[in-house]
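Grab a pencil and work through the exercises below with the model open beside you. Each task comes with a solution that goes step by step.

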Amino acid sequence: MNKRSGLQPSRYNLKKTFSTWLLQHAQASIFSLGQLFKQPLNSFLTTAVVGIALSLPAGFYLLLDNSQRVAADWDNSSEISLFLQTGLEQEQVTELATALGQWNGISAVRHISPEQALEEFISQTGSADISSTLGENPLPAILLLQPEIENLSIAAGEEMLEKLRALPEVDSAQFDRQWIQRLFAIIDIVRKAVTILAIVLAIAVLLIVGNTIRLAIYNRRSEIEVNKLFGATDAFIQRPFLYSGIFQGIGGSLMAWALLSLTLFLMEAPVSRLAELYASQFRLHGLAFSEVLFLLLSGASLGLAGSWVSVKRHIRDIEPA
Amino acid sequence: MIRFTDVSMQYGDGNEALRRINLFVEQAAMVYVTGRSGAGKSSLLRLIALIERHSRGQIIVNGQNLERVTGRRVPLFRRSIGFMFQDHRLLHDRSVFDNIALPLVIAGYRYQEIRRRVHAALDKVGLLKKEKVSPIALSGGEQQRVGIARAVVHRPALLLADEPTGNLDPALSWDIMKLFEQFSQVGVTVLIASHDLDMIKKMNKSIITLREGRLLTHIGQTIDE
């Protein structure tokens, strides 16, 4: 046989080797799929565990993603809102505005009268009848101060707020950026925690798939022995196990995706009800196509890695006897 | 085809299974390896199949020095050998067809070729109608014949059979030996470990007799000598 193939041009051999390789991969993948379907309960349980393990970090990621989207709506306000006492005269307000314009660290002052504020409120909420119920305009005049420095540090911002609050005309002063920054800091901590959780759960997926494959290898010990006896290479024997690792990973990813979609579906109505209460157009964001792809890819590579570790350790131990 | 030069084999515990064996088996020969249980029949076959390694001497099989056949070369070497066992070692989770196809699938044959060859092998052992059946549904003799079909389907140069007729009645055993004889007539070297002396005598082939790991008779001698 060797002699005959030696006479063939090498390109032909290479092509043939490649197509044989492809054929054997196709056979191995179909075979391992068949094995998975032959034991539906076992396969389902492993896939479910992998799915739950993957859905946790993915779910936290979605939570973070959505809270960041909420926060991003607020982020563009780098202004300090100064709510003045009610009952101030128009002149007093303008006077204060000009005075503040001279302050160190303030570059611009914008004045919103109570009437303007009410108008804006009505246009945002769409509840025109609110003014008629209220009768009198309850809103105070507002001065919006633009700090000179774009990114004021929290300490400097706090200091300025203290000074502003001390003014007799001022009812309260609020620097939105201040607590947005704090929110972002919190989100950052949560993100770190989620990353660590994701790593831990990824290791869990590796172990789950690895253990499942280890059991599968031992269940098919005699088959592996016979295969080796008839000249199967380690690569040939490994292939179906590696494929089943990949399939379990992908199955787990799909299950995680399904779990997340179900959760989003159930949360959608309450969240939009809450958003309505805040007069916000906010809608929950699910996983984007690229994120789903990433989830599938992570599942597949975790499954492959888990089975790889198992296969490397256990298949070599099995020798025909 | 097979040459043993001063071959000894030791198990891990220091127990010597074979001692200073010298023998030569020609291509297309049909040779019985006989002796009592524990005499080293299986060990001899296992050395040739690289299931065990010899500890001294030199073994040449099919032109290859077995000491040099290591790592990735082992599977390729084994593809030139067909195996048969007393306990068949058929895989019960697949059909007769798939069992016989195994060596061809391993070697990467295409489906059309696999089908042709498996059918030819099934025809040879007279089980053409049973290709879709699970091995469990077959009788002992039929299972053994499936084992034979699997052992020769990839046209090995060497066929190793370890007690292939151990569980069969004399008539079935005789049929199987006749099949082996046909293989050797088309150029396959056949090595059969067996202690069925009556049948061995009737077959009138070369015999290697082992006793406690030593060679008792050489090729060409018969038991009576």
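**Exercise 1: the six-stranded sheet**

Work out the strand order of the open sheet in chain B that has six strands, and say which strands sit at its edges.

*Solution.* Keep in mind that this is a predicted model.

- Step 1: walk across the sheet, and you meet the strands of chain B in the order β6-β7-β8-β3-β9-β10, with mixed pairing in an open sheet.
- Step 2: look at the two ends. β6 (81-85) and β10 (214-217) of chain B have a single partner strand each, so one side of each has no neighbour in the sheet.
- Step 3: check the twist. On average, neighbouring strands here are turned by 20° against each other, direction ignored.
- Step 4: zoom in on one edge. Strand β9 (residues 206-211) of chain B runs antiparallel to β10(B), and three bridges join them. Within that pairing, Leu210(B) has Leu215(B) as its bridge partner.
- Step 5: add the helix. α6 (residues 170-185) of chain B packs on the sheet and touches β3 (30-34), β7 (158-162) and β8 (189-193) of chain B. The direction of α6(B) makes about 150° with that of β8(B).

**Exercise 2: the four-stranded sheet**

Do the same for the open sheet of four strands in chain B.

*Solution.*

- Step 1: the order is β2-β1-β4-β5 (chain B), and the pairing is antiparallel.
- Step 2: at the edges stand β2 (16-25) and β5 (64-65) of chain B; each has a single partner strand, so one side of each is left without a neighbour in the sheet.
- Step 3: count the bridges between β1 (residues 2-10) of chain B and β2(B): there are six, and the two strands run antiparallel. Across from Ile2(B) you'll find Val25(B) in β2(B).

**Exercise 3: where the chains meet**

Which element gives the largest share of the side of chain B that touches chain A?

*Solution.*

- Step 1: tally the contact, which takes 15 residues from chain B and 16 residues from chain A.
- Step 2: list contributors. On the chain B side, α2 (73-78) and α3 (96-107) each supply at least two residues.
- Step 3: pick the winner: α3(B), with five residues, gives the largest share.
- Step 4: sort by class. This side of chain B has 10 nonpolar, one polar and four charged residues.

**Exercise 4: a helix in chain A**

Find where helix α10 (residues 234-277) of chain A bends.

*Solution.*

- Step 1: get its span. The 44 residues of α10(A) reach 63 Å from first C-alpha to last, close to the 64 Å expected at 1.5 Å a residue.
- Step 2: locate the bend, about 40° at Glu268(A), with a proline, Pro270(A), following within four residues.
- Step 3: look past the end, where Ala279(A) follows α10(A) with a positive phi near 55°.

Terms used:
Residues are numbered from 1 along each chain as its sequence is written. Chains are lettered from A and ligands numbered from 1 in the order in which they are written. This is a predicted model: local features need pLDDT of at least 70, side-chain atom pairs count only at pLDDT 80 or more; totals for chains, interfaces and linings use all residues. Two strands pair if DSSP finds at least two bridges between them. Axes are lines fitted to C-alpha atoms, for helices over the stretch in contact, and angles run from 0 to 180 degrees between N-to-C directions. Two residues are in contact if their C-beta atoms, placed from the backbone, lie within 7 Å. Ala, Val, Leu, Ile, Met, Phe, Trp, Tyr, Cys and Pro count as nonpolar, Asp, Glu, Lys and Arg as charged, and the others, Gly among them, as polar. The expected span of a helix is 1.5 Å times one less than its number of residues. The bend at a residue is the angle between axes fitted to the seven residues ending there and the seven starting there.
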